[in-house]
Amino acid sequence: MPSRVQTRATVIWLVLFGATAISWTLGAIDGLGVDQRIAPSVLILVVAAFKVRLIGLYFMGLREAPLVLRGTFEGLCLATGLLIIGMYLLG
Amino acid sequence: MTLTPSKVDIDADSASRRHIPGEAGLWFVILGDMAMFAAMFAFYLQGRAQQPELFAQSQDTLNRDLGAVNTVLLLTSSLLVVFATHTVGRAANPRIATRLIVGAMACGLAFVLIKVFEYYEKVAAGITPNTNEFYMYYFGLTGLHLAHLIVGLYFLGILRTLTRKPVVTTTQHAFFEGAACFWHLVDLLWIVIFPLVFLVR
């Protein structure tokens, strides 16, 4: 009988798997013009930031960590996400 | 407003349940590593902005399908490690945790084999880190990640021996959690490297 932690981790794995399938499908679209590539690419990067947060909170166990640690992790994820998406859009 | 005693009890209880996975020092390494990779991603995007055509053409030679397979391998290995961390020292049968860690190591080894195949394909086609700036970043980022993964596999090897112990001490369990978090870091870094280098156009 799986525990609550194991059931939750399995659900998170399914979400991560689904998110990977979405990103992979978006990344495999060929023949788009330069402007048409922007929306799928930004979506791929947003999905990546969402996945990183899920891994931190549910696999690393930061959901139950002291708020300083959880906050630092989430702040770093947000800052990195904004940096990457911002530089992509400006580039 | 004054809190009723029951509310105070609940708050104290939830605060005491908050727990640092592994040990505090490890988190300097994990968060520092994440920040270092974030800086490298910024350099990659700066290089891309300067030579968009070159980066786009070079990126098209990468195998996106193998990259996706590698993502699923790491996600699965992470799930197995979560299960093992929760099982070690608790399950009636210690072999379950051992099998979970062995499964995670098998996923990690499969990732290494696929990566070696990818590098072999590139080198056989005459592509090396010196070919152009894109490939310098491709080999640099994926190579540094691969080095992390090999260190992670070493830690998983230690966890495998821990799972065989009938009794796990609090210190050993903290080590287990810490090493597990390092393995999740390997997964987490790939979750950004794959879309950024392989998928984003």
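A cavity is, on a 1 Å grid over the protein atoms alone, a set of points where a 1.4 Å probe fits but cannot get out, and its lining residues have an atom within 4 Å of a point. The model is predicted, with local features needing pLDDT of at least 70, side-chain atom pairs counting only at pLDDT 80 or more, and totals for chains, interfaces and linings using all residues. Residues are numbered from 1 along each chain as its sequence is written, chains are lettered from A in the order in which they are written, and side-chain values use heavy atoms, without hydrogens and water.

**View 1. The largest cavity, with a volume of about 210 Å³ (the space filled by probe spheres set on the points, which are joined across faces, edges and corners)**. Among the 18 residues that line the largest cavity, Val52(A), Thr80(A), Gly81(A), Ile84(A) and Val192(B) are the closest to its centre.

**View 2. Helices around the largest cavity (DSSP runs of H or I, at least four residues, numbered from the N terminus)**. Two or more lining residues come from each of H2 (38-59) and H3 (67-90) of chain A and H2 (24-50) and H7 (170-199) of chain B, and H3(A) gives the most, with 6 residues.

**View 3. The second largest cavity, holding about 70 Å³ of space**. Its lining consists of Leu26(A), Gly27(A), Ile29(A), Leu32(A), Arg37(A), Pro40(A), Ser41(A), Ile44(A), Leu199(B) and Arg201(B). H1 (4-27) and H2 of chain A each supply at least two of the lining residues, the largest share, 3 residues, coming from H2(A).

How values were computed:
On a 1 Å grid over the protein atoms alone, a cavity is a set of points where a 1.4 Å probe fits but cannot get out, and a pocket is an open set with protein on both sides within 12 Å along at least five of seven lines; lining residues have an atom within 4 Å of a point.
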